Every structure is written in structure tokens, then in C-alpha cells.
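Hi everyone, thanks for making time this morning. I'd like to walk you through a structure, one piece at a time, so please have a look at the screen.

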Amino acid sequence: MVSLPGFDRLFSADLRRRLVALRQEIHRHPELGFEERETSRRLYDELSGLGPAALELDRVARTGLVARLRGADPGAPVVAVRGDIDALPIQEATGLPYASERPGVMHACGHDVHATWAVGAACLLADRPARGNVLIVLQPAEETGRGAQAVLESGVLDGVAAIFGGHVDRRFTVGQVVADEGPLAAAADTFSVVLRGGGAHAARPHEAADPIVGLGALVLALQTIVARRLSPGTPAVVTVGTVHAGTAANVIPDSATLTGTLRAIDHDTRALLQAEVRRLAEATAAAHRLTAQVSLELGPPPVVNRPEPVAWARRAVEAVLGAGALQPLGAPNLGGEDFAWYLERMAGCFLRIGAREPGGEPIPAHSPRFWAADESIFVGAAVLAETARIASEAVYRS
Ligand code: NI
């Protein structure tokens, strides 16, 4: 275990034990988006332990929770802290003693830690309240990009002045935090293309158009969008994630389908990726005598941190961990994050919280070997609680 200076003062031995146990239990029983019933029940029990003097507790967005922590001045503006709680359809291969007991489902993105640090922040804020009330939002279904919108649609965040959240990141060691201005995560749109050619006997290809050959050409053509259509300095991704075609070795199928994801951190690039996928799909289909049906599903916009909330978060990081803890993001992050929907509606800041134990490997999120070091729980809880206090005071005075 890494020992972070000052944390013994912030977290009693009992609270540390409880948070580690909570994280391990959530990790052991992962649930997919909008199915987080057991997770939600466990979090409800943990938060209700704070007692009615500290908070009100409600369900939100089907399987989420929102806890309202009393501030010193209940008439002051409200700020929010968000932790996401869902898992991924991945078979775990960490070998952890608390590895997933559910085949094919895993907390491979660290949302077990995000849920736990939100509870930790609630405990710290119950102990030392912010100026105004603080909402702790335990959000379902981040991975499907739908949870944040469901929380917003519920109205529970109406009138909230600012919202804060973060993500564990093994590119940074425990105790390091990124609180940069600008894009922290990318827009994440999904595309699918169905190519159709009529179908034929495999021995008589001239009697139809072959969608498998067209699909092969399209997969390669799509790689030229980032390589040839964008300026070399513009971060973007076009990834084909699935291809499906055919039923038998001696049949030319009627159709072939591919799906993929588009990532960009600015509006113009995002629009260009969408237009180029459509253009290349239609042109490649025509070149192979096929038809193309292109669908685009818009995901969250980029997460863009604005200067003032970043300044609040940076002050909190310095107060909790010292100025040396702040690290630049470095290479742009093209991951998607539905926290972006909150920032479309209110002020806020999204952090990356170091989660690699000293000497550990930088295992990427969504890998079956991904896990976040225990201490990242305490960093996330302490930084988010302090950010909420500083933001609450700042919006009260403004
Ligand atoms: Ni995630």
C-alpha cells in the first residue's frame, strides 16, 4: 500500500477499511449499464449509514442514486460530485483475490473505484460540510453513453451550479492528478454500414455483387480518413470494431455489416469523420456494384474543461496532495466519457486520477487485466470532496 501524507488525518482506519471492502465487493459483483441493481443496493446501504442528519437519499435514472448532503448554509448554491457505477462485458483476467464472480462481466474501466470514491467524498463532506448542499450522483450506464442523459432528464441536477468527476488512469501513479483546461475526452459516435449485393452461389460470383469483397475494401478505405484527410496534428480515431457476413463457405451472402466508432475532440473534425464515413461507404459500395446503408448514432460530445472550474479543482489537488501532484495530460485522450453531457448544461471539471501502484504497468482501461490501485479511492474521494468545498464557496461568493 502506498501511504499518502495527510491521509491518516482525513480517513480513519475504519473508513479506509470500509471503502476498500466496498470497492472489492462492487468489483466482485459487476453489473452492466442500467442493470446495476445489486451495486445500487450496496451503495444505498453504505450511504444511508451517514444518517438522515447528513443527507437525503433517492434513486435516479433507474439504477442510479443521488445523495443530498447538507451544507453549512442550505440556501447557498448547490454543487455535485459524480461517480459512475457500471461494468463492461469483458471476461476478467486480473487474477485479483476479489476478481469478478460473474462470467463475462468485469469492472475493466475502474467504475468500481469511481462509485467508491463518490461514497468516500460523501463521508468526508458529511464530516466537514461545504458551504452549500452537495449532490453525490452515482450514475448508471456510462459505458453505453446513456446514463448521464438519464440523470439530466430526471431533473435532479436542475439549478446545480457546477459538477465534478474523474476517471482512474494507470498512465499516472497514485497521488498524481490531471486537472487540465481543454479537451479531456473525445466525442464518441458510432457508425454502422450494411452492404448489399443480392446473394449468389459461391461458384458463380458474376451472378451477384459480393458484399464481402466490398466490405474488405471499405475497411481499408476507412483507414485513409485519419491518415489522408486530417492534418497530421489533429487527434482523431476511426476504428472498425465488428464485421459480420456470411453463413457458409459456398455461399456469397446477400449482405455484410460493419460497425465502428469515431473519436474527435473538436466539432469540425467530428463532422468531417461522419461525412467521410458516409462518402466512402457509398463510393466503395458503388465501385463494387453494391448498395450501402449507413447509420450514425451520435454519442457524447467531447469533455472540455473550462478555466474557472479547473482552477477550483487544481486548488483542491494542491491542498490535498501538494502542488507536485498536478500532472499534464500529455497525449490527447480519445476515450469517450458521458460526463460531457453535464458540461453542456453546467460548469464543471473532469479529472484523471492516477491509479498505478509504484513500479506497476500502465495497463489500459477496457483490458481484461485492468485494475486500479486501492489508494486511488482515497485520492479521488479527498480531491473531489475538497473540490466541492472550494467550488461551493466560490459560487456562493460570485
Ligand atoms: Ni470509464
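Let me begin with one term: a residue is called buried when its relative accessible area is under 20%, exposed when that is over 50%, and partly exposed in between. Take R131 as a trial case: its relative accessible area is 24%, so R131 counts as partly exposed. Please also keep in mind that this is a predicted model.

Let's start with the sheet. In what order do the seven strands of the open sheet come? The order is β1-β2-β4-β3-β5-β15-β6, and the pairing is mixed. At the edges sit β1 and β6, each of which pairs on one side only. As a reminder for those new to this, strands of a sheet pair through backbone hydrogen bonds, either parallel or antiparallel.

Now look at strand β2, residues 64-69. Its partner β1, residues 55-60, runs antiparallel to β2 and is joined to it by six bridges. Within that pair, you can find R59 opposite L65. The β1 and β2 hairpin has three residues between the strands, and A61 there takes a positive phi near 50°. β2 also pairs with β4, residues 134-139, again in the antiparallel sense, this time over five bridges. Two bridge partners to look for are I136 in β4 for A67, and L135 in β4 for R68. Is β2 mostly covered or mostly open? It is mostly covered, with five of its six residues buried.

Next, the helices that go with this sheet. Helix α4 packs on the sheet and touches β2, β3, β4, β5 and β15. Its direction makes about 130° with that of β5. Of the 17 residues in α4, 15 are buried. Here is a nice little check you can do yourself: at 1.5 Å a residue, α4 should span 24 Å, and its end C-alpha atoms are 24 Å apart, so the two values agree. Another helix, α10, lies across β3, β4, β5, β6 and β15, and runs at about 160° to β15.

On to the metal. Which atoms coordinate the nickel ion? They are SG of C109, NE2 of H111 and NE2 of H167, at 2.1 to 2.2 Å. Where do C109 and H167 sit in the chain? C109 lies in the loop between β3 and α4, while H167 is in strand β5, so this pair ties together parts that are 58 residues apart in sequence. Along the chain, the donors follow the spacing C-x1-H-x55-H. C109 and H167 are both buried.

Now for charged side chains. How many salt bridges does a search of the whole structure find? The count is 29. One of them joins R23 and D374, with the closest N and O atoms 3.0 Å apart. R23 is in helix α2 and D374 in the loop between β15 and α10, so the pair ties together parts that are 351 residues apart in sequence. Both of these residues, R23 and D374, are buried.

Our trial case comes back here: R131 meets E393 in a salt bridge, 3.0 Å from N to O. Because R131 lies in the loop between α4 and β4 and E393 in helix α10, the pair ties together parts that are 262 residues apart in sequence. E393 has a relative accessible area of 23%, so it is partly exposed too.

Some salt bridges stay within one helix. R389 and E386 meet at 2.8 Å, N to O, and both lie in α10, three residues apart, about one turn of the helix. An α-helix has 3.6 residues a turn, so residues three or four places apart point the same way. Both R389 and E386 are buried. There is a network as well: salt bridges link D14, R18, E25, R42 and E46.

I'll finish with a single residue, L184 in strand β7. Its relative accessible area is 0%, so L184 is buried. Beyond its neighbours within four places in sequence, L184 is in contact with V178, V303, N305, L329, N333, F350 and R352. With N333, the C-alpha atoms are 6.2 Å apart in space, although the two residues are 149 apart in sequence.

Thanks for listening, and do ask away!

Terms used. Residues numbered from 1 in each chain as written. Predicted model: local features only at pLDDT ≥ 70, side-chain atom pairs only at ≥ 80, totals over all residues. Heavy atoms only, no water. Helix = DSSP H or I, 4+ residues; strand = E, 2+ residues; numbered from the N terminus. Buried < 20%, exposed > 50% of the residue type's maximum accessible area, 1.4 Å probe, protein only. Contact = heavy atoms within 4.5 Å. Donors = N, O, S within 2.8 Å, 3.2 Å for Na, K, Ca; no water. Pairing = 2+ DSSP bridges. Expected span 1.5 Å × (residues − 1). Salt bridge = Lys/Arg side-chain N within 4 Å of Asp/Glu carboxyl O. Axes fitted to C-alpha atoms, helices over the stretch in contact; angles between N-to-C directions.
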